[in-house]
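Here is a guided look at one protein chain, written to be read with the model open beside you. Please keep the viewer at hand as you go through the headings.

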Amino acid sequence: MPRVLFVYTSTSKTLTGSPTGWYLPEAAHPYYVLAPHADIDFASPAGPNPPVDEYSVQTFKDDQECVKFLQDATVISMFKNAKKLADVKADDYDAIFYVGGHGPVLDLAGDPTNIELVNQFWAAGKITSAVCHGPAALVGGTDTSGKSIFSGRKVTGFSNTEEEIIDKVKDIPFLLEDMIKTLGGSYEKAAEPWGAKVVVDGKLITGQNPASASSVGQAILQSLKA
């Protein structure tokens, strides 16, 4: 079976000190799409048990897959044994997927180890994917000529409008939509805030927000089967 690496933030606080972490449905929904068809590993900058955003746990307490994910013995073990990014080898995987939450904007975006990992996946022509704030983990990624992997490609991610609606602009060092455009990406979004939007441009697969997470999983699966 193909192998997929799920990468999580290790950050538990935003710039204002508000709690954050990885966003529950953005891990749970793609996981249950992919788990029957792929071997999955978890990783984060600090390794085991990356912090979940408790707000997402409360918000999705009635979501069947989210509840299952938190109680799933296999998942709990995977978190306990999550790799440090520094110990990950791109050669071992067919795809990399970055889970959202505000955390990736704060740690993964500027993490040299993560940037090198993105570059390795991209240079090898492997699926490079992310949802919501997860694409922030890709902003340092470049191709072999040194150009951003977003440059000249269609990309989505959490929109400025959505960030303003939840009043989190001050919590992060940059707005993802603005950064994608600055790096030369052709930013796309759903017609309305919180609408599902997935963009596939070759091996680059991105989703806009929590509502897009399951569809990102499906897009990754389709690409793995191609």
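The report below starts with the pocket, goes on to two helices, and then visits some individual residues.

## The model and its largest pocket

A quick word before the tour: this is a predicted model. The largest pocket is a good place to begin, and it holds about 320 Å³ of space. Its lining is made up of 16 residues, and those closest to the pocket centre are Y23, D53, Y55, H102 and I166.

What classes of residue make up the lining of the largest pocket? Eight are nonpolar, four are polar and four are charged.

## Helix α1, an enclosed segment

Helix α1 spans residues 24-34. Eleven of its eleven residues are buried, so the helix is largely enclosed by the rest of the structure. If you would like to colour them in your viewer, the buried residues are L24, P25, E26, A27, A28, H29, P30, Y31, Y32, V33 and L34. Charged E26 is on that buried list, and so is H29.

## Helix α4, with a buried side and an exposed side

Helix α4 covers residues 73-80, and V75, M78 and F79 are its buried members. Looking down the axis of α4, you will find these buried residues within an arc of 100 degrees, so they line one face of the helix. The general geometry helps here: an α-helix has 3.6 residues a turn, so residues three or four places apart point the same way.

Which elements do the buried residues of α4 pack against? Their partners are α1, β2 (39-44) and α3 (64-71). On the face turned away from the buried side sit the exposed residues A73 and K80. The N-terminal end of α4 is capped by D72, with a side-chain oxygen 2.9 Å from the backbone nitrogen of T74.

K80 deserves a second look. This helix α4 residue has a relative accessibility of 59% and therefore counts as exposed, the cut-off being over 50%. Beyond its neighbours within four places in sequence, K80 is in contact with P48 and N49. For a sense of scale, the C-alpha atoms of K80 and I180 are separated by 33 Å, with their positions 100 residues apart along the chain.

## Two non-glycine residues with positive phi

N49, one of the contacts of K80, has a phi near 50 degrees, a positive value in a residue that is not glycine. You will find N49 in the loop between β2 and α2 (54-59).

W194 is another residue of this kind, with a positive phi of about 75 degrees although it is not a glycine. W194 belongs to the loop between β7 (186-187) and β8 (198-201). Its relative accessibility is 36%, so W194 counts as partly exposed.

## Q208, a buried loop residue

Is Q208, in the loop between β9 (204-207) and α9 (213-225), buried or exposed? Q208 is buried, at a relative accessible area of 1%. A polar atom of the Q208 side chain lies 2.7 Å from the backbone nitrogen of A190.

The contacts of Q208, leaving aside neighbours within four places in sequence, make a good list to display: C132, T156, G157, F158, S159, E162, Y187, K189, A190, G195 and K197. A190 thus appears in the contact list as well as in the polar pairing with the Q208 side chain.

## Two partly exposed aspartates

D201 lies in strand β8 and, at 21% relative accessibility, counts as partly exposed. Which residues does D201 contact, leaving aside neighbours within four places in sequence? They are R153 and K154. With K154 there is a polar link too, as the D201 side chain reaches the K154 backbone nitrogen at 2.9 Å. The C-alpha atoms of D201 and Y31 are separated by 21 Å, and the two residues are 170 residues apart along the chain.

D143 is located in the loop between β5 (127-131) and β6 (154-155). With a relative accessibility of 21%, D143 is partly exposed. Its side chain makes a polar contact of 2.7 Å with the side chain of S145. Not counting residues up to four places away in sequence, D143 touches W122 and I149. The C-alpha atoms of D143 and Q120 are separated by 9.1 Å, and these residues are 23 residues apart along the chain.

Methods:
Residues are numbered from 1 along each chain as its sequence is written. This is a predicted model: local features need pLDDT of at least 70, side-chain atom pairs count only at pLDDT 80 or more; totals for chains, interfaces and linings use all residues. Side-chain values use heavy atoms; hydrogens and water are left out. On a 1 Å grid over the protein atoms alone, a cavity is a set of points where a 1.4 Å probe fits but cannot get out, and a pocket is an open set with protein on both sides within 12 Å along at least five of seven lines; lining residues have an atom within 4 Å of a point. Grid points are joined across faces, edges and corners, and a volume is the space filled by probe spheres set on the points. Ala, Val, Leu, Ile, Met, Phe, Trp, Tyr, Cys and Pro count as nonpolar, Asp, Glu, Lys and Arg as charged, and the others, Gly among them, as polar. Buried means under 20% relative accessible area, exposed over 50%, partly exposed in between (1.4 Å probe, protein chains only). Helices (H or I, at least four residues) and strands (E, at least two) are DSSP runs, numbered from the N terminus. The arc is that of the directions from the helix axis to the C-beta atoms. Contact means heavy atoms within 4.5 Å. A polar contact is a pair of N or O atoms within 3.5 Å; within protein, one must be able to donate a hydrogen and the other to accept it, and residues adjacent in sequence count only if both atoms are side-chain atoms.
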